[in-house]
Every structure is written in C-alpha cells, then in structure tokens.
Amino acid sequence: DNTNIKIIIGDENVHEELKNCRVVVAHYNIGGRIKGDIGIIGPCRMYYSKVLSSLSAATGALCDTFEKLLQD
C-alpha cells in the first residue's frame, strides 16, 4: 500500500480553529518516499468509512498518475 492515513481528533489539532473538527490526512508516496498529503476537514460525526475509502481512492489515483508520468 502506498498510502498512510491519519485521523487527527480535537486537541490533537495544532490549530485552535480545528479543535472542534476532525482532520483526516492521507500521505501518498511514490517510490517509497512521501510526496504529498491530501486531507479532509469535517465534523466530529462524519462517515469515516466513506472518508477513508475516498482518500484511499484519491491517493491511489494520484500515485498511479505520477508513476505513469515518471515512466514516460
């Protein structure tokens, strides 16, 4: 798997404005090195399964696209 997903909850957020939110961040990498992050900011009661699958699909698509670009 080329994705590492982290859920940041409440006081774990470093920004005061996000203390009442959840932040879900996916780190994607190509060739074993982290290249970027994609995140979703939402309410405490979000559909985590949908968010996680969406982030996983998005990072997978990005990685596939970057791999193809690097091969050309």
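What span should the 24 residues of H1 have at 1.5 Å a residue, and how far apart are its end C-alpha atoms? Keep that in mind while you load the model, which is a predicted one.

**Stop 1: the whole chain**

Start with everything shown as a cartoon. You should find one helix and three strands, running β-β-β-α from the N terminus on. Switch to the C-alpha trace and align it to its principal axes: the spans are about 45 × 25 × 15 Å. Of the 72 residues in the protein, 29% are buried. If you draw a surface, about 5200 Å² is exposed, with carbon and sulfur atoms supplying 53% of it. Now colour by charge: there are 8 positive and 9 negative side chains, and the centres of these two sets lie 4 Å apart. For a contact map, look at pairs with a separation of 6 or more; residues 24 or more positions apart account for 35% of those contacts.

**Stop 2: helix H1**

Select residues 48-71, which form helix H1. Here is the reply to the opening question: the expected span is 34 Å, and the end C-alpha atoms are 34 Å apart, so the two agree. Next, pick out the buried residues of H1, which are Val 51, Leu 55, Thr 59, Gly 60 and Cys 63.

Zoom in on Thr 59. Its relative accessibility is 0%, and with buried meaning under 20%, Thr 59 therefore counts as buried. Try a distance label from Thr 59 to Tyr 47: they are 12 residues apart along the chain, and their C-alpha atoms are separated by 18 Å.

**Stop 3: Tyr 48**

Stay in helix H1 and select Tyr 48. With a relative accessible area of 26%, Tyr 48 is partly exposed. Leaving aside residues up to four places away in sequence, Tyr 48 touches Ile 7, Arg 22 and Val 24. Add a label to Val 24: the C-alpha atoms of Tyr 48 and Val 24 are 8.8 Å apart, with their positions 24 residues apart in sequence.

**Stop 4: Arg 22**

Follow the contact from Tyr 48 to Arg 22. Arg 22 belongs to strand S2, residues 22-30. Which side chain of opposite charge is nearest to Arg 22? Select Glu 12, which is 8.3 Å away; Arg 22 is buried yet has no salt bridge.

Finally, show what surrounds Arg 22. Not counting residues up to four places away in sequence, Arg 22 touches ten residues you can click through: Ile 8, Ile 9, Gly 10, Ile 40, Ile 41, Gly 42, Pro 43, Cys 44, Met 46 and Tyr 48.

Technical notes
Residues numbered from 1 in each chain as written. Predicted model: local features only at pLDDT ≥ 70, side-chain atom pairs only at ≥ 80, totals over all residues. Heavy atoms only, no water. Helix = DSSP H or I, 4+ residues; strand = E, 2+ residues; numbered from the N terminus. Buried < 20%, exposed > 50% of the residue type's maximum accessible area, 1.4 Å probe, protein only. Lys, Arg positive; Asp, Glu negative; His and termini not counted. Salt bridge = Lys/Arg side-chain N within 4 Å of Asp/Glu carboxyl O. Contact = heavy atoms within 4.5 Å. Areas by Shrake-Rupley, 256 points an atom, 1.4 Å probe, with all protein chains shown as cover. Charge placed at Lys NZ, Arg CZ, Asp CG, Glu CD. Expected span 1.5 Å × (residues − 1).
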